[in-house]
Amino acid sequence: MSDLAIVNLRPQDLSRLEALLLDNQLPADDCRAQASIFCALYAGDELIAAGGLEAAGEYALLRSIVVRQGYRGRGFAQALSEHLLRCAEDEGRAAVYLLTETAAEYFSRLGFTSVERAVVPPAIARTRQFSSLCPDSAHCMCLTLPRA
């Protein structure tokens with residue numbers, strides 16, 4: 001990880017991001033409209049991991065942390081998650097929410113706790129991720145951030 005840097009997703013890599021998300025059964029429908037929210041890790045010219053942070057009022061939505069098969073188990077998902085959480089904290093967000101079907105245990109280790117979808121703030125509930133892209137069966141989680 002020490003020789004790789006987390007950078008903004010390169011615009012020419014939107015199709016690669018969409019393919020990576022779809023290969024991992026993650027929503028990709030709004031990637032083009034939300035391209036600026038995604039960060040990435042590259043090995044040379046290869047997109048190996050990505051994740052996004054969508055602002056929603058005083059909150060943020062952690063989006064689609066994904067690592068290409070063959071690069072898993074090296075701490076890339078954790079590095080991306082921690083980077084995006086620091087960004088949310090630097091922006092003064094009150095909390096970060098996420099939806100997951102497969103990684104609730106992983107995000108619990110990062111400090112997220114389960115919450116009922118019905119109690120998320122309206123700004124989060126109005127995002128496409130919450131309102132239409134993720135199935136109702138997705139696990140809803142929240143991490144409250146320290147306030148300065």
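## Close-up views of a predicted model

**View 1. The lining of the largest pocket is a mixed one.** Its residues divide into 17 nonpolar, nine polar and four charged. Please keep in mind that the model shown here, and in every view that follows, is predicted. The volume of this largest pocket comes to about 710 Å³. Among its 30 lining residues, Leu26, Ile65, Val66, Thr102 and Ala103 are the closest to the centre. Two or more lining residues come from each of β4, α2, β5 and α3. The top contributor is β4, with six residues.

**View 2. Ala103 sits between a strand and a helix.** The loop that holds Ala103 runs between β5 (95–100) and α3 (104–109). Is Ala103 buried or exposed? Ala103 has a relative accessible area of 18%, so it falls under the 20% limit and counts as buried. Ile65 is 38 residues away from Ala103 in sequence, yet their C-alpha atoms are 9.8 Å apart in space. Both Ala103 and Ile65 belong to the group closest to the centre of the largest pocket.

**View 3. Here is the largest nonpolar core.** This core has 25 residues, and those with the most contacts inside it are Leu62, Phe76, Val96, Phe107 and Phe112. At least two of its residues are supplied by each of β2 (38–43), β3 (46–56), β4 (59–67), α2 (76–90), β5 and β7 (139–144). With five residues, α2 gives the most. In soluble globular proteins, nonpolar side chains tend to be buried together. For a closer look at one member, follow Phe107: leaving aside residues up to four places away in sequence, Phe107 touches Leu62, Ile65, Ser81, Leu98, Phe112 and Met141.

**View 4. Helix α2 is seen from end to end.** How far apart are the end C-alpha atoms of α2? They are 21 Å apart, which agrees with the 21 Å that its 15 residues should span at 1.5 Å a residue. The buried residues of α2 are Phe76, Ala79, Leu80, Ser81, His83, Leu84, Leu85 and Ala88. As a reminder for reading such a list, an α-helix has 3.6 residues a turn, so residues three or four places apart point the same way. Just past the end of α2, Gly92 takes a positive phi of about 80°.

**View 5. Ser64 and Gln25 have positive phi values.** Most residues other than glycine have a negative phi. Ser64, in strand β4, has a phi near 50°. Gln25, which is not a glycine either, has a positive phi of about 55°. Their surroundings are worth setting side by side. Ser64 is buried, with a relative accessible area of 7%, whereas Gln25 is exposed at 65%. Gln25 lies in the loop between α1 (14–23) and β2. Not counting residues up to four places away in sequence, Ser64 touches Leu21, Leu26, Pro27, Phe38, Ala50, Gly51 and Gln129.

**View 6. Gly44 lies in the loop between β2 and β3.** Why does Gly44 count as exposed? Its relative accessibility is 65%, and exposed means over 50%, so Gly44 meets the cut-off. Leu4 is 40 residues away from Gly44 in sequence, while the two C-alpha atoms are 9.2 Å apart in space.

Terms used: Residues numbered from 1 in each chain as written. Predicted model: local features only at pLDDT ≥ 70, side-chain atom pairs only at ≥ 80, totals over all residues. Heavy atoms only, no water. Helix = DSSP H or I, 4+ residues; strand = E, 2+ residues; numbered from the N terminus. Buried < 20%, exposed > 50% of the residue type's maximum accessible area, 1.4 Å probe, protein only. Core = buried A, V, L, I, M, F, W, Y, C linked by side-chain atoms within 4.5 Å. Contact = heavy atoms within 4.5 Å. 1 Å grid on protein atoms, 1.4 Å probe; cavity = no way out; pocket = protein on both sides within 12 Å on 5 of 7 lines; lining within 4 Å. Points joined across faces, edges and corners; volume = space filled by probe spheres on them. Nonpolar A, V, L, I, M, F, W, Y, C, P; charged D, E, K, R; others polar. Expected span 1.5 Å × (residues − 1).
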